[in-house]
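Let's look at a protein together and ask how its descriptions are justified. Keep the sequence and the 3D view open as you read.

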Amino acid sequence: MCKNYHFWKEYFRPTPFKFRWTLLPMQMAFVSSHYIKNDMKTFSVKKEIAIHILFWVIYFMSYFITLSSDKETLFIINNLDIFNITFLFATVSAFYLNYIYILKNSFRSHNLGSILFGFLIAFSYFIAVRYLLEEVVVFYVFGYRNYFEGTSILYYIFDNLHWGATPIFVSSAIWIVIN
């Protein structure tokens with residue numbers, strides 16, 4: 001028997017993996033990257049709901065209440081018009097489409113290409129929904145648009161990339177923290 005038998009017995013363990021004997025840290029890395037379920041969450045469902053409620057309260061407060069430049073009033077409550085409603089619908093729906101469906105499927109593969117493709121789908125969804133609601137439906141029903149008549153499609157896309165970044169990146173950050 002080897003002089004350091006107990007030392008080697010502690011650090012080399014038999015495993016059911018591809019190699020018969022591996023180092024314990026390598027074994028732990030292999031197990032953690034391949035055998036831990038992707039559906040394990042860091043927070044409970046109640047905490048996840050509380051995080052979402054906290055985010056939406058802060059978001060809606062910052063959306064509807066702004067600081068006043070007038071010395072007599074401190075805050076101004078913004079009006080709720082048809083374009084605010086359509087924008088909020090596009091924001092909330094893009095947030096939860098990204099949170100519930102796109103992130104779950106794109107991060108599961110651990111492939112950068114599928115993650116970037118997921119972001120492309122999320123941004124495309126936000127742009128398409130906002131265009132459909134504000135430039136088609138509202139124009140058909142009320143007769144006016146959110147953007148000027150001669151607005152180019154390239155300007156519309158880049159402008160909505162800016163407005164869609166908040167719900168998509170925040171939903172991604174919350175999903176990464178929770179999952």
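Q: Why are H4 and H5 called roughly antiparallel to each other?

A: This is a predicted model, and in it helix H4 (residues 82-108) and helix H5 (residues 112-142) pack at an angle of about 155°. Angles over 145 degrees count as roughly antiparallel, so H4 and H5 earn that name. Their axes are 9 Å apart.

Q: What is the handedness of the crossing where H4 passes H5?

A: H4 passes H5 in a right-handed crossing.

Q: How many helices and strands does the protein have, and where do they fall along the sequence?

A: There are 6 helices and 4 strands. Read along the sequence, they follow the pattern α-β-β-α-α-β-β-α-α-α.

Q: What makes a residue count as buried, and what share of the protein is buried?

A: A residue is buried when its relative accessible area is under 20%. Of the 179 residues in the protein, 29% are buried. The protein exposes about 13,000 Å², and carbon and sulfur atoms supply 70% of that area.

Q: How do you know which residues to read with caution?

A: The predictor's confidence, pLDDT, runs from 0 to 100. The protein averages 80, and 77% of the residues score at least 70. Over residues 17-38, however, pLDDT stays under 50. Where pLDDT is low, the predicted coordinates should not be read in detail. For residues 17-38 the model has 25 contacts beyond four places in sequence.

Definitions and conventions:
Residues are numbered from 1 along each chain as its sequence is written. This is a predicted model: local features need pLDDT of at least 70, side-chain atom pairs count only at pLDDT 80 or more; totals for chains, interfaces and linings use all residues. Side-chain values use heavy atoms; hydrogens and water are left out. Contact means heavy atoms within 4.5 Å. Helices (H or I, at least four residues) and strands (E, at least two) are DSSP runs, numbered from the N terminus. Buried means under 20% relative accessible area, exposed over 50%, partly exposed in between (1.4 Å probe, protein chains only). Accessible areas come from the Shrake-Rupley method with a 1.4 Å probe; for residues, only the protein chains shown count as cover. Axes are lines fitted to C-alpha atoms, for helices over the stretch in contact, and angles run from 0 to 180 degrees between N-to-C directions. Angles under 35 degrees count as roughly parallel, over 145 as roughly antiparallel, 65 to 115 as roughly perpendicular and the rest as oblique. A crossing is left-handed if the near helix is turned anticlockwise from the far one by less than a right angle, and right-handed if clockwise.
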